[in-house]
Amino acid sequence: MAEPSINASPRPQTKPRISHVIFDMDGLLLGTIRFSFSDRLIDRIVFAIVDTEKFYIEVQEIILARYNKTFDWSLKAKMMGKKAIEAARVFVEETGISNSRSPEDFLVEREAMLQSMFPTTDLMPGADRLIRHLHAHCVPICVATGSHKRHFELKTQRHRELFALMHHIVLGDDAEVKQGKPSPDIFLAASRRYEGGAVDPLSILVFEAAKNAGMSVVMVPDPRLDSSFHETADQVLKSLTDFNPVDWGLRPFEEQTS
């Protein structure tokens, strides 16, 4: 399959009628579910809206440096979206430190360092603008994040007013989320909690995730991520600031109509 170009327009397709948006929270993976606005064709979308991935990378680099090893982005790709213990198991096994450190020990040490970093979390460029735009136009929005409650509260403490605009929030330790990403569990759980009941997953646009859930995919990848991961995407963007709502049948940003 040819690699989609950065800022490419969506591939020609018949879009489903859309009505809701799902936001992922952390720096790389994004996904969506169907939503319709008035008579427009729109896709439910999941975006990464806070920049926390840099903290995970920094901590993991510190730990590996003790073993004269370096953090590899192919390893990052294998860990992305998984539940904490699953990602920790990948980390210690792939780096060859499993004889010295168990997945549980790795998580304890990582947790201690992350506790002081998370409260400084920034929003991803373009996230504030997009969330407020969708909310202003009465598009139901929610968060589906692999973060557990304690991490979610630390990461969002500087942005509580913005997160209050969400219809609901599904966390990684939610009882309905049996498997971490790339399993679609968390997005399907989020789709069932909108007012009025479940939203059809076939009408979902996903930002950087869950192609195996049958959803359309838009990626905003870290430039260090291997470009082969772009192949499942219907659109690849450099930043949320490059997202054009009109491409997906959404109301344009105000400056686009002036």
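This passage describes a central strand and the salt bridges of a predicted model.

Strand β4 spans residues 141-144. Both of its faces are covered. I141 and V143 lie on one side, and C142 and A144 lie on the other. All four residues are buried. In a regular strand, side chains alternate between the two faces of the sheet.

Strand β4 has two pairing partners described here, β1 and β5. Strand β1, residues 21-23, runs parallel to β4 and is joined to it by 3 bridges. Within this pair, I22 stands opposite C142 of β4. Strand β5 covers residues 169-170. This strand is also parallel to β4, and 2 bridges connect them. Here V143 of β4 faces I169 of β5 as its opposite residue. The buried residues C142 and V143 thus recur in the pairing: C142 is set against I22, and V143 against I169.

Charged contacts were examined next. Side chains of opposite charge can pair when their charged atoms come close. Across the whole structure, 11 salt bridges are found. Three of them are described below, among them the pair K54 and D122.

The side chains of K54 and D122 form a salt bridge with an N to O distance of 4.0 Å. K54 belongs to helix α1 (residues 53-65) and D122 to strand β3 (residues 122-123), so this contact ties together parts that are 68 residues apart in sequence. K54 has a relative accessibility of 35% and therefore counts as partly exposed. D122 is likewise partly exposed, at 33% relative accessible area.

A second salt bridge joins E161 and R132. Their closest N and O atoms are 2.7 Å apart. E161 sits in helix α7 (residues 160-163), whereas R132 sits in helix α5 (residues 127-136); the pair therefore ties together parts that are 29 residues apart in sequence. R132 is partly exposed, with 32% relative accessibility.

The third pair is R192 and E176, whose side chains meet at 2.7 Å, N to O. Both residues lie in loops. R192 is in the loop between α8 (185-191) and β6 (205-207), and E176 is in the loop between β5 and α8. The two are 16 residues apart, and their pairing links distant parts of the chain. R192 is partly exposed at 42% relative accessibility. E176, at 34% relative accessible area, is also partly exposed. This pair belongs to a network: salt bridges with shared partners join D174, E176, R192 and R193.

Key
Residues numbered from 1 in each chain as written. Predicted model: local features only at pLDDT ≥ 70, side-chain atom pairs only at ≥ 80, totals over all residues. Heavy atoms only, no water. Buried < 20%, exposed > 50% of the residue type's maximum accessible area, 1.4 Å probe, protein only. Pairing = 2+ DSSP bridges.
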